[in-house]
Amino acid sequence: MLRGLLRRDEIEPLDTPAALSPNLSPKASPKPRARSFPLAHIYRAEPEPQAQAAALLSEIQLYAEDAVGKYVPQTELQRFYGELCAREGWQPKHWCVIGRELGGLTHKVLKKRGTKRFMAYKIPRPKIQLAAQASP
């Protein structure tokens, strides 16, 4: 309906696009990245929960030989861990941290007995005995 009223040369252009405006830019310039530098550690310490979980596993393999190759409930491992911390003078960590590390060293399963669920960890055979049996 209004097409014929205005000719193209009579139409005024809109404001300049935002990309051409001196105050606005389409992309902000990225911040310069901090340069990395080589860092060497003299003392390579294992993370404490990982070392405590490995010590717990080795103590079980040493003192509870009948548990090797079988699944042990989490509640008994927690109790054993508390006794180990008291004997060694360690600050006990939360069981979730130790259980996560212990799960990486063993095979853990979630089982149901009746309506109760419980976590159990399979205690592997010690690697030292395997090396002793392999050599003649």
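This passage describes the fold, the nonpolar core and the surroundings of one buried glutamine in a predicted model.

Residues are numbered from 1 along each chain as its sequence is written. Local features need pLDDT of at least 70 and side-chain atom pairs pLDDT 80 or more, totals for chains, interfaces and linings use all residues, and side-chain values use heavy atoms, without hydrogens and water.

The protein chain contains 4 helices and 3 strands, in the order α-β-α-α-β-β-α from the N terminus (DSSP runs numbered from the N terminus: H or I of at least four residues for helices, E of at least two for strands). Of its 136 residues, 19% are buried (under 20% relative accessible area, 1.4 Å probe, protein chains only). Among contacts (heavy atoms within 4.5 Å) with a separation of 6 or more, 61% join residues 24 or more positions apart.

The largest nonpolar core (buried Ala, Val, Leu, Ile, Met, Phe, Trp, Tyr and Cys residues joined through side-chain atoms within 4.5 Å) has 16 residues, and those touching the most other members are Leu-56, Leu-77, Tyr-81, Trp-95, Ile-98, Leu-102 and Ile-123. At least two residues of this core come from each of helix 1, helix 2 (74-88) and helix 3 (95-105). Beyond its neighbours within four places in sequence, Leu-56 contacts Leu-77, Phe-80, Tyr-81, Leu-84, Trp-95, Ile-98 and Leu-102.

Gln-61 belongs to helix 1 (residues 48-63) and is buried, its relative accessible area being 14%. A polar atom of the Gln-61 side chain lies 2.7 Å from the backbone oxygen of Pro-124. Outside four places in sequence, Gln-61 is in contact with Val-68, Ile-123, Pro-124, Arg-125 and Pro-126.

Definitions and conventions
Buried means under 20% relative accessible area, exposed over 50%, partly exposed in between (1.4 Å probe, protein chains only). A polar contact is a pair of N or O atoms within 3.5 Å; within protein, one must be able to donate a hydrogen and the other to accept it, and residues adjacent in sequence count only if both atoms are side-chain atoms.
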